[in-house]
Amino acid sequence: MNDNKIDKLSSDSEDNWLSRYSLFVGRIDGVPVYINFSSALVFILIAWTLSSTILPNNYPGLAQSAYIIIGIACAFISLFSILLHEVGHSIIASKYGIKFQKIILFALGGIALNRTEITVPKKEIFMALAGPLVSFIISGLSFLLWFIFFQNHMFISPNSPFDLIFFYSGIINLVIGLFNLLPIFPCDGGRILRSFLTYYTHDHFKATIAAIRIGMIMSICILVTGVAIGAKFSFVGGIWLMLLAFFLMRGSRLYYNLYQKLYS
């Protein structure tokens, strides 16, 4: 495949539907960082859920302002966790001479856009693993702090709700790391899958199409699971899974159409 076409693909893929409604918030190591409007909805949902139900149910008797503050803090932790995950990709990419065009945070995660797509399997695996590795490190440190400071009651009173901040950080980073390892393209796991397929087939294009198709099947399974959970157990939980499946299928379909266009 022509390298110029690959470069155009990587710079145009997600950019069209994410950048359109995103706000520039700053730079990290020279890489522009944007927040999509959909992140605000998730931010509000996280803060509201924690402050209105989870915290009052587990730590009754506190001032409403305390619940709100902790809920907002956890919502910010979610955004920063996603950002640090993407920064992990950026650091490894820079070692390969690749400068990311931008990092965009949106409702169900983040994405780092670059003008040059890595076609060497070993390099792509290292870059794809960097994000989950950062998430797992943050998760481990958060759980360690939660255990040391709160479970042993060394510095904070046993019934303090502030332990939820560390516990939440551990959980959310663990979820971010595991979710991104799903073999669904263009998630990190999907890129790792493509790298192995490229290594064995020696054809980057065919490996990409195969990885996308495998990911689409898994996304459909997530969608069906979401419908079942929403109908029988938890409506909210089912909606989250269905939204997740929608975004995954949209991203996979976008890449599939672009690669098919290049092939034709």
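Trainee: Where should I start: is S195 buried or exposed?

Mentor: S195 counts as buried, because its relative accessibility is 1%. Buried means under 20% relative accessible area, exposed means over 50%, and partly exposed is in between (1.4 Å probe, protein chains only). Before we go on, this is a predicted model, in which local features need pLDDT of at least 70 and side-chain atom pairs count only at pLDDT 80 or more, while totals for chains, interfaces and linings use all residues. Residues are numbered from 1 along each chain as its sequence is written, and side-chain values use heavy atoms, with hydrogens and water left out.

Trainee: Thanks! Which helix holds S195?

Mentor: Helices (H or I, at least four residues) and strands (E, at least two) are DSSP runs, numbered from the N terminus. S195 sits in helix α7, which covers residues 188–201.

Trainee: Which residues is S195 in contact with, beyond its sequence neighbours?

Mentor: Contact means heavy atoms within 4.5 Å. Leaving aside neighbours within four places in sequence, S195 touches P121, E124 and I125. In addition, a polar atom of the S195 side chain lies 2.9 Å from the backbone oxygen of R191.

Trainee: Let me step back. How many helices and strands does the chain have?

Mentor: There are nine helices and four strands. Along the sequence they follow the pattern α-α-β-β-α-α-β-β-α-α-α-α-α. The chain has 264 residues, and 46% of them count as buried.

Trainee: What share of the contacts join residues at least 24 apart?

Mentor: Take the contacts between residues at least 6 apart in sequence: 68% of these join residues at least 24 apart. P132, in helix α5 (residues 121–151), gives you a place to look. Its C-alpha is 9.9 Å from that of L84, although 48 residues separate P132 and L84 in sequence. P132 is buried, with a relative accessible area of 1%. Beyond neighbours within four places in sequence, the contacts of P132 are H85, H89, G177, N180, L181 and D188.

Trainee: And what about I91?

Mentor: I91 belongs to helix α4 (residues 64–95). I91 counts as partly exposed because its relative accessibility is 43%. The C-alpha atoms of I91 and D29 are 8.8 Å apart, with their positions 62 residues apart along the chain.

Trainee: Which residues make the nonpolar surface patch?

Mentor: Patches are made of residues with over 30% relative accessible area and no salt bridge (a side-chain nitrogen of Lys or Arg within 4 Å of a carboxyl oxygen of Asp or Glu). Like charges are joined within 9 Å, and nonpolar side chains (Val, Leu, Ile, Met, Phe, Trp, Tyr) within 5 Å. Here I44, L45, W48, F235, V236, I239, W240 and L243 form a nonpolar patch of about 790 Å². Two elements each give two or more residues to the patch: α3 (37–58) and α9 (235–263). The largest share, five residues, comes from α9. W48 lies in helix α3 and is exposed, at 55% relative accessible area.

Trainee: How many disulfides does a search of the whole structure find?

Mentor: A disulfide is a covalent bond between the sulfur atoms of two cysteines. In a model, we look for a pair of cysteine sulfur atoms within 2.5 Å. The search of the whole structure finds zero. As for individual cysteines, C74 is buried at 0% relative accessibility, whereas C221 is partly exposed at 45%.

Key:
Areas by Shrake-Rupley, 256 points an atom, 1.4 Å probe, with all protein chains shown as cover. Polar contact = N/O pair within 3.5 Å; in protein donor to acceptor, adjacent residues only side chain to side chain.
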